Amino acid sequence: MRRVYFLALALLIIALAAAACGQPAAAPAEQPTTEPAAAQPAAGDESAEAAKEIVMYNWTEYIDPDLYGEFEAATGIHVVEDNFSSNEEMLAKLQGGAAGYAVTVPSDYTVAIMIEEGLLAKLDKANIPNITNLAERFTQVPYDSGNEYCVPYMWGTTGFGYDSTKVDPPDSWSVFFEPDPNSDIYGRVTMLDDPRESFAAALAYLGYDINTTDEAQLNEAKDLLVKAKAQLAGYDSDTYEDLVASGENLLAHGWNGDFLVAMDENENIAYVTPEEGGVVFVDNLCIPASTTPEQKLAGEALINFLLDPEVAARNSEYIYYASPNKAAEEFLPEDFLSDTSIYPLAEVLDKLQYLEPVGEAESIYQRLWDEVKSAQ
Ligand code: N2P
């Protein structure tokens, strides 16, 4: 089973790499489907009517906020957003029984965990006709083949954002793990407040698998993370890009789109992925199992709306992440589609890997991460 998972991941990486080599600006061969967002009762559930207000549980700054108003104008459904900063934070909340979230946005490996734990509802695709707009490769993702539970929302990479006028281009994780008290960056650096991402950084630097379950390797990674703490201004997954843009910090570990947004504010910001390898991710729109039928219908209507090609293109352009929506490409400008910080070159993607569920080792990661966070 595990081998099948690895094989499927490898195929997805190859597919993404092939796409990066291709002609992303070319018009899609098939006609985009632009169905109005449906807010109709699901087949077989004659009594349910879409809820008039729902909560979207999303990463911070991960949607064009104007889209909520447009969705409400089209469907009458009002969306309130609640935010999380890591998959683990969102997962813990849903595992703890939190209800009332109509849509949430887990990354690949967390979708697998949530399906396994029964935390997600199966999508009724009759309510999501725009699902046909997805690029083929995103319909066969290994963590949810056939999009039974989730619809891919955005994909991206994890790397370094830095002020290119003050910092030499960092191409190695050594900028975090070989802190030098005499360097300009010392004390002006943040790392993601995210156990799997920060462990992946340390594991990649050590030359280990970023999904290792080997306790000795994880302990070594923990020691390295503690050592790196000496030069950190803090762990931050929400405002790190703004702190580099404002000049308060000079370097941050973070996600590509966030730094690209910050470049609009400060053109000196640059983004790179590390030589030793790192993380590529797909984030997904999913409906928690705890929703009522009414919330689920409204959640499916929102997912359908976000899959509209023009909406998906505007959303991607606003948050600067790559869209898995093939039909959206014709609405994206050429300079967006050819930006290698958004669509990495094949040789860059080759070095990146997906995080995967680590099974029982999850508790080791959590314990060691707590030790990193509390170390002085
Ligand atoms: C946006 C967060 C991106 C999500 N602020 C990374 N999985």
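The following legends describe close-up views of a predicted model.

**Figure 1. Overall composition of the protein chain.** The secondary structure of the chain consists of 14 helices and ten strands. Of its 376 residues, 55% are buried. Among contacts with a separation of 6 or more, 77% join residues that lie 24 or more positions apart. Twelve salt bridges are found in the whole structure, several of which appear in the views below.

**Figure 2. Packing of helix H6 against helix H7.** The axes of H6 (residues 195-206) and H7 (residues 215-228) come within 9 Å of one another and cross at roughly 105°. The two helices are therefore roughly perpendicular. On the H6 side, the contact is formed by Ser198, Phe199, Ala202, Leu203, Tyr205 and Leu206. H7 contributes Gln217, Leu218, Glu220, Ala221, Lys222, Leu224 and Leu225. Classified by residue type, this contact of H6 with H7 comprises nine nonpolar, two polar and two charged residues.

**Figure 3. Surroundings of arginine 196.** Arginine 196 belongs to helix H6. The residue is buried but has no salt bridge. Its nearest side chain of opposite charge is that of glutamate 362, at a distance of 4.5 Å, whereas a salt bridge requires the nitrogen and the carboxyl oxygen to lie within 4 Å. When neighbours within four places in sequence are set aside, arginine 196 is in contact with Glu88, Tyr109, Ile210, Asn211, Leu355, Glu356, Val358, Glu362 and Tyr365. One of these contacts, Tyr109, is a buried residue of helix H4.

**Figure 4. Enclosure of helix H4.** Seven of the nine residues of H4 (residues 108-116) are buried, so this helix is largely enclosed by the rest of the structure. The buried residues are Asp108, Tyr109, Thr110, Val111, Ala112, Ile113 and Met114. Just after H4, glycine 118 adopts a positive phi of about 70°.

**Figure 5. Salt bridge between aspartate 82 and lysine 93.** The closest N and O atoms of this pair are 3.8 Å apart. Aspartate 82 is located in strand S2 (residues 78-84) and lysine 93 in helix H3 (residues 87-95), so the salt bridge ties together parts that are eleven residues apart in sequence. Both partners are partly exposed: the relative accessibility of aspartate 82 is 27%, and lysine 93 has a relative accessible area of 36%.

**Figure 6. Salt bridge between aspartate 163 and lysine 166.** The side chains of aspartate 163 and lysine 166 meet with an N to O distance of 3.5 Å. Aspartate 163 is buried, at 3% relative accessible area, whereas lysine 166 is partly exposed, at 46%.

**Figure 7. Salt bridge between lysine 351 and glutamate 275.** The side chains of this pair meet at 3.2 Å, N to O. Lysine 351 lies in the loop between helix H13 (346-349) and strand S10 (352-353), and glutamate 275 lies in the loop between strand S8 (269-272) and strand S9 (278-286). The pair thus links distant parts of the chain, 76 residues apart. Lysine 351 is partly exposed, with a relative accessible area of 38%. Glutamate 275 is likewise partly exposed, at 45%.

**Figure 8. Network of salt bridges.** Glu215, Lys222, Asp223, Arg367 and Glu371 are linked by salt bridges into a network. Within this group, Lys222 also takes part in the contact of H7 with H6.

Notes
Residues numbered from 1 in each chain as written. Predicted model: local features only at pLDDT ≥ 70, side-chain atom pairs only at ≥ 80, totals over all residues. Heavy atoms only, no water. Axes fitted to C-alpha atoms, helices over the stretch in contact; angles between N-to-C directions. Helix = DSSP H or I, 4+ residues; strand = E, 2+ residues; numbered from the N terminus. Parallel < 35°, antiparallel > 145°, perpendicular 65-115°, else oblique. Contact = heavy atoms within 4.5 Å. Nonpolar A, V, L, I, M, F, W, Y, C, P; charged D, E, K, R; others polar. Buried < 20%, exposed > 50% of the residue type's maximum accessible area, 1.4 Å probe, protein only. Lys, Arg positive; Asp, Glu negative; His and termini not counted.
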